[in-house]
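Subject: Structure handover

Hello,

Here is the structure, followed by my notes on what turned up in it. Please keep it open while you read.

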Amino acid sequence: MDSTSRVEQPDPNIVGSEEVGGGGEGTGTSSASVATEGGQSTTLSSAPPSRYESQKRRDWNTFLQYLRNHKPPLTLARCSGAHVIEFLKYLDQFGKTKVHVTGCPYFGHPNPPAPCACPLKQAWGSLDALIGRLRAAYEENEGKPESNPFGAKAVRIYLREVRESQAKARGIPYEKKKRKRPSTSSSVATAGSVTAAEAGGSGGGSGGDGVIGQQPSTAPNTTV
């Protein structure tokens, strides 16, 4: 962390539940009274923000505070990918993931048998999710996608280096989740069901629309 960048009071809610416990904001519903034609008042309640939206708001406010406390202070318009990387390195001091150094006897050991003096850092998955939330928050606050510092190439390269170095140090490889393709046998069975249903329908008979074969929902391809 560069000595020119300091934050007086860090926000413990940054990065999410994996590294630092979230909290702080309430999730209560907001309500408003509306008068109806008969003179009676009806209370309308708005749904509370989702956990993702609440965390994204906290992350955004914390980053803005980081810019204000920066020496010298930074404005969002002057923020670059280098400042984002500086912010991510600053967060390592609040991390809870043990990352073994090269000289440690447990380097590359997924389950160390004993504790060691290696530093605690932010896990790659937490930083990757944090950048995703801040990137979305930047554009939601009237930022232009082409000038989004959280989507800078330097930030992507830094995250990739963190992922690779932590995978070697912890002995835990990161693998992308692959989409599951439907097997050939299930496709043939579905086609057979459709043919049978068409044959049954041609023979006459009234009835409502039925579900012939519901396709399995595919899980979204997310990078963790």
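Is the crossing of H2 and H3 right-handed or left-handed? The crossing is right-handed (clockwise turn of the near helix from the far one by less than a right angle; anticlockwise would be left-handed).

Some ground rules come next. This is a predicted model, where local features need pLDDT of at least 70, side-chain atom pairs count only at pLDDT 80 or more, and totals for chains, interfaces and linings use all residues. Residues are numbered from 1 along each chain as its sequence is written, and side-chain values use heavy atoms, with hydrogens and water left out.

**Layout.** The protein has five helices and four strands (DSSP runs numbered from the N terminus: H or I of at least four residues for helices, E of at least two for strands). Their order along the sequence is β-β-α-α-β-β-α-α-α. Of the 224 residues, 28% are buried (under 20% relative accessible area, 1.4 Å probe, protein chains only).

**H2 against H3.** The axes of H2 and H3 come within 12 Å and cross at roughly 135 degrees (lines fitted to C-alpha atoms over the stretch in contact, angles from 0 to 180 degrees between N-to-C directions). H2 is therefore oblique to H3 (not under 35, not over 145, and not 65 to 115 degrees). On the H2 side, the contact uses Val84, Phe87, Leu88 and Leu91. H3 brings Leu127, Leu130, Ile131 and Leu134 (contact: heavy atoms within 4.5 Å).

H2 is mostly covered, with nine of its eleven residues buried. Those buried residues pack against H1, H3 and H4. Among them are His83 and Glu86.

**Core.** The largest nonpolar core holds 24 residues (buried Ala, Val, Leu, Ile, Met, Phe, Trp, Tyr and Cys, joined through side-chain atoms within 4.5 Å). H1, H2 (81–91), H3 (124–140) and H4 (153–170) each supply at least two of its residues. H3 gives the largest share, seven residues. Phe63, Phe87 and Leu134 are among the residues with the most contacts inside the core.

**Aromatics.** There are nine aromatic pairs (ring centres within 6.5 Å, using the six-membered ring of Trp; planes under 30 degrees apart are stacked, over 60 edge-to-face, the rest tilted). Phe63 and Tyr66 are stacked, at 6.3 Å centre to centre and 25 degrees between the planes. Both lie in H1 (residues 51–69), three residues apart, about one turn of the helix. Both are buried. Ring pairs link them into a cluster whose members include Trp60, Phe87 and Phe150.

Best regards

Terms used:
Buried means under 20% relative accessible area, exposed over 50%, partly exposed in between (1.4 Å probe, protein chains only).
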